[in-house]
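Colleague: I have a model to go through. Please take me through some of its labels, one by one.

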Amino acid sequence: MSPRRWSLARQLLGLQLTVITVLVSGTLVGAYVQADRAGLDAARQKVLGIAWSVADSPAVRDGLATADPTAVLQPLAEQLNRDAGTDFVVVMTTEGIRYTHPDPSQIGGHFLGTIDAAVRGRPLTETYTGTLGPSVRAVVPVRVGERVTGLVSVGIRLTSVARAVRNRLPSLFVTAALALAMAAAGSWLVSRWLRRQTHDLGPAELARMYEFYDAVLHAVREGLLLLDRHGCLLLANDEARRLLGLAEDAVGRPIGDAGLPAALGGALAQGRPRTDELHLAGDRVLVINQAPAAAGGDGAPLGTVVTLRDHTDLQALTGELDTVRGFAESLRAQAHEAANRLHTILSLIELGRTEEAIGFAANELAVAQRLTDRVVGAVREPALAALLLAKAAQAAERGVELEVAPDAEVPVAGLPAGDLVTIVGNLLDNAIDAAVAAPPPRRVEFAAVADGGALELRVTDSGPGLDPADVTHAFERGWSTKPAAGNPVGRGLGLALVGQAVHRHGGTIAVDGAAFTVRLPLSDPVAAP
């Protein structure tokens, strides 16, 4: 197999073993060279010390003074040579004529080497090739008082030094082998751990996987968050940063401290599974899904994965759809009532009671037209006018009378129709629900005033009103006074959407019992006619 196709763990193991082998081999060679140098230095110190000991020996000084120095000094030199473990001990005259030598045939010959410094009374060491081959030798003077009467040279052949170094090689090899084995074992353990962490993938596969995952994270249209077991943010893709408005330094911080709304941050920090929950984040409505993440092998919990979808536009479309649906229901109800009234009129005519039929028809027409004229005349925004007519029909079906104040006025320009539908529609829904739960007479009133710089919307119902202690919580997502029934995912969202829309336009909301007053600045002020 080509090493390029190995997994990252195997490549790292091979690289580590190669580097370790080179380092151990280099260390072994360096240790051998160092041992050789140390052996030479030790040999120099040894021969110098022995040479001084021989030169200072009274037997040597006395032997030099005899008529036949060789007869006295040769046995002594041989004994010293054996005892000290050297290769030669040579005693000579100051002219270099040998009195002793391991080879008796060399006695009387000239010493091969440097003796000038020793003749002048100074010791010297050198490596020189003599009669016995290359050797490390020392030459020192023999003094009697201040006079140099002879010289002593002690030497060890280089082959002997090399032999001593070679005798140390087995211990060096054993040490190197142990070091190599321990390093290889450590590298294998690291490689095994890395294989588990990388799933035995190669560098090219890991790089390709990273590039694909990175491209997916940046291209996906849903926001993605990864949280660890402690609720800290590990990763956020581009869409998540855009939807949540996350700061650059949000990664690594607890999700509750990442600048999210308190309700959303607290919900994500809990780490429990969530499916299609609606949450507010600034001026956006987000659909949140949260699921636990676990390791593939042992199933150990790693944290949670959160996906985010922007539901703002869909929520606006849903609101408009609800308005159209309500308007259709209103038309259906009105058609049903109109059919009943038409049958009544036809029956009166058949009975010959024409005057009563005309009076009945005129009265019904006046009642229906009065509300339509009031709404159309006061509300010049078509979507809001349709909403009011639809809500009036819905309220009538539920036994609630929806009235539009005679002085109500909503200009066309200034605010998006979708936001007006969101604000007024949710306020009317809550008001109708509150009026239905209250005793008769059940009434809801809508009033609107445009003073040229702002639009004031007011919805009042005959219900018991909101407790002042609950006003601060009424516009939070999930808070509601209605009993939970069925799926509570969308429960407590209406007033939160109202608060969001009002905040987006820089407006204010005031609550006084059963009266909700919204004041919105107009970007294109319209003066009252």
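Colleague: Which helix does V19 lie in?

Modeller: V19 lies in helix α1, residues 8-55. Helices are DSSP runs of H or I, at least four residues, numbered from the N terminus. This is a predicted model, where local features need pLDDT of at least 70, side-chain atom pairs count only at pLDDT 80 or more, and totals for chains, interfaces and linings use all residues. Residues are numbered from 1 along each chain as its sequence is written, and side-chain values use heavy atoms, with hydrogens and water left out.

Colleague: Why is V19 called partly exposed?

Modeller: Its relative accessible area is 42%. Buried means under 20%, exposed over 50%, and partly exposed in between (1.4 Å probe, protein chains only). So V19 is partly exposed.

Colleague: What makes helix α15 largely enclosed?

Modeller: Helix α15 covers residues 494-504, and 8 of its 11 residues are buried, so the rest of the structure largely encloses it. Among the buried ones are L495, V498 and Q500. Just after α15, G506 has a positive phi of about 70°.

Colleague: How many cavities of 30 Å³ or more are there?

Modeller: The count is 1. A cavity is a set of points on a 1 Å grid over the protein atoms alone, where a 1.4 Å probe fits but cannot get out; lining residues have an atom within 4 Å of a point. The largest cavity holds about 90 Å³ of space. Its lining includes F88, R98 and T131. By class, the lining has 5 nonpolar, 3 polar and 2 charged residues.

Note on methods: Helix = DSSP H or I, 4+ residues; strand = E, 2+ residues; numbered from the N terminus. 1 Å grid on protein atoms, 1.4 Å probe; cavity = no way out; pocket = protein on both sides within 12 Å on 5 of 7 lines; lining within 4 Å. Points joined across faces, edges and corners; volume = space filled by probe spheres on them. Nonpolar A, V, L, I, M, F, W, Y, C, P; charged D, E, K, R; others polar.
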